[in-house]
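Thank you all for coming; please have a look at the structure on the screen while I talk, and I will go through a few of its features slowly.

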Amino acid sequence: MMTLRESLRSLKIGREEGSDAVRDDLKATREAEAGIPEEGTKDLKRTAEYLVHPLKVSEEEMRLFHELMHDKDKESGGDVAKTTIPTFYKKLPAEDELLQQKLREESRALFLQERSRKLLDNDDIKDLWLLLDKHHTPPDTGDEQMIQYGDYKKVAEKCNPKCKQYFTASLFAKLQNGDPYGRVSIMALFNYIMRKVWLHQTRIGLSLYDVTGQGYLRESDLENYILELIPTLPQLDGLEKSFHSFYVCTAVRKFFFFLDPFRSGRVRIQDILACSFLDDLLELRDEELPKEAQEANWFSAPSALRVYGQYLNLDRDHNGMLSKEELQRYGTGMLTSVFIDRVFQECLTYDGEMDYKTYLDFVLALENRKEPQALQYFFRILDVEGKGFLSVFSLNYFFRASSCAIQAQLKSHGQEPVNFEDIKDECFDMVKPKDPTKIMLKDLINCGRGDTVVSILIDVNGFWTHENRELMVAETMEETAEV
Ligand SMILES: [Ca+2]
């Protein structure tokens, strides 16, 4: 584990080049592992239908079936091996089967060790770079060194056997970027391989925390992973030890909010590798990370302190939990009270109060309104009737609640009161649901304006911004003109 962690730290991965190709690969692997999603489920469904509606079998058919079976049994001489289905599934050992569990643990540890032995280490990587540099193909036209397919194959022959697997024809084709000589950039190739190595390494690293060995991490597994990662991230040096548990909670929540929207309590290691969160976390190895990058990164110390600080500020009575009234002051205090009420109805609370974890989901949803997972979060809250779609009734329910505040705001700006019928129509127009009377979650996600609709419904500011977009554009233009 030690060597893994160390090399992880010393590896600096180029994120730009080659990473698209890696993402394609990863997608292909995931699809393969998921067992070809579309087709596979169709078959499953077909089987299920068959089981629910068994075919009617005539007596004659039944008689023939038994006759043939009898003949077959005679042929095989009653051979048990031919008449029984071989074992193809071994169930996981139960909790009290200690010996089997130990055996499983041991074999997994050996497997992971074996996999990490096959990884390129830093010397291998350096050698690879030298080899690529030596075999680059002239002429040097741009800033980058390029390599032709023939030379590419030469490098494949000469390099460390552990490297060979990467030098495929399809990778060469993938890295084509319009070079007139059909060459590929050495840098892009090198970055691709580095990225692959990093992915394998991280996969092994994450698998070490996968206690059940089933390819996913539970909340506690991921907490342990991140807790042990903290000392390797210089950007987090300043965090006080007493804050570490809150930091871990804040970081883990982001993984679960986005990767486990159905709240199964676990995230797939494949999904962790495919999302960009680990990149964000590992960005914190950079001691000179600019301030803007730190602020934009959910996992940075300033960002975690900001979120936790807000929570503490909201908690007026210092009982460690947030009441409805306390949460109402979130942000600029413009979230409608009916929305806050619904949050408390739908989300996990304790005696009507919200803890830090539930608060983090709330913040993640509000700060990422465009993301499908956030829209799913809001959809559950907006679906007051629990019908699985938003009707005119649900929309009106939220409009009515905010109407007083909005009408007052409009009046104070000397404007005409709004007609909520129009706004409702506008919402439906933006979403363009398949069924014109029902907005499904899918419609809200696919329309690309879901965040606007949500903001109009839950946030007086959101409504205000939407309603006055033309006015604001004019004002901004005036301001710009003045400058
Ligand atoms: Ca409180």
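Let me begin with the term I will lean on throughout: a residue counts as buried if 20 or more other C-beta atoms lie within 10 Å of its own, and as exposed if that number is 12 or fewer. Please also keep in mind that what you see is a predicted model.

With that rule in hand, we can take His318, which lies in the loop between helix H17 and helix H18. His318 has 7 C-beta neighbours inside 10 Å, and therefore it counts as exposed. Its backbone also deserves a look, since phi of His318 is positive, at about 55°, although the residue is not a glycine.

A second residue can be described in a similar way, namely Arg263, which is not a glycine either and has a positive phi, near 55°. You will find Arg263 in the loop that runs between helix H13 and strand S4, and because 10 other C-beta atoms lie within 10 Å of it, Arg263 is exposed. While we are on loops, please look also at the one between helix H7 and strand S1, where Pro139 sits; the peptide bond leading from Pro138 to Pro139 is cis, with omega near 0°.

Now let me step back to the whole protein, which has 27 helices and 4 strands. Of its 483 residues, 23% are buried. If we take the contacts between residues at least 6 apart in sequence, 62% of them join residues that are at least 24 apart.

Among the helices, I would start with H6, which covers residues 98-117. What span should we expect for its 20 residues at 1.5 Å a residue? The expected value is 28 Å, and the C-alpha atoms at the two ends are 28 Å apart, so the two agree. H6 is hardly covered, with 1 buried residue among its 20.

Helix H13, residues 244-259, lets us see how helices pack. The axes of H13 and helix H20 come within 10 Å and cross at roughly 55°, which means that H13 is oblique to H20. The crossing of these two helices is right-handed. On the H13 side, the contact is made by Cys249, Thr250, Arg253, Lys254 and Phe257, and on the H20 side by Tyr356, Lys357, Leu360, Asp361 and Leu364. Sorted by class, this contact of H13 with H20 has 5 nonpolar residues, 1 polar residue and 4 charged ones.

H13 also packs with H17, at an angle of about 100° and with the axes 10 Å apart, so H13 is roughly perpendicular to H17. Here Phe246, Tyr247 and Thr250 of H13 meet Ala304, Val307 and Tyr308 of H17. In the contact of H13 with H17 there are 5 nonpolar residues, 1 polar residue and no charged ones.

I would like to finish with Leu375, in helix H21, residues 372-382. Is Leu375 buried or exposed? Leu375 is buried, because 23 other C-beta atoms lie within 10 Å of it. Leaving aside its neighbours within four places in sequence, Leu375 is in contact with Leu444, Ile445, Gly450 and Val454. The C-alpha atom of Leu375 is also separated by 7.6 Å from that of Ala365, which is 10 residues away along the chain.

Notes. Residues are numbered from 1 along each chain as its sequence is written. This is a predicted model: local features need pLDDT of at least 70, side-chain atom pairs count only at pLDDT 80 or more; totals for chains, interfaces and linings use all residues. Two residues are in contact if their C-beta atoms, placed from the backbone, lie within 7 Å. The expected span of a helix is 1.5 Å times one less than its number of residues. Axes are lines fitted to C-alpha atoms, for helices over the stretch in contact, and angles run from 0 to 180 degrees between N-to-C directions. Angles under 35 degrees count as roughly parallel, over 145 as roughly antiparallel, 65 to 115 as roughly perpendicular and the rest as oblique. A crossing is left-handed if the near helix is turned anticlockwise from the far one by less than a right angle, and right-handed if clockwise. Ala, Val, Leu, Ile, Met, Phe, Trp, Tyr, Cys and Pro count as nonpolar, Asp, Glu, Lys and Arg as charged, and the others, Gly among them, as polar.
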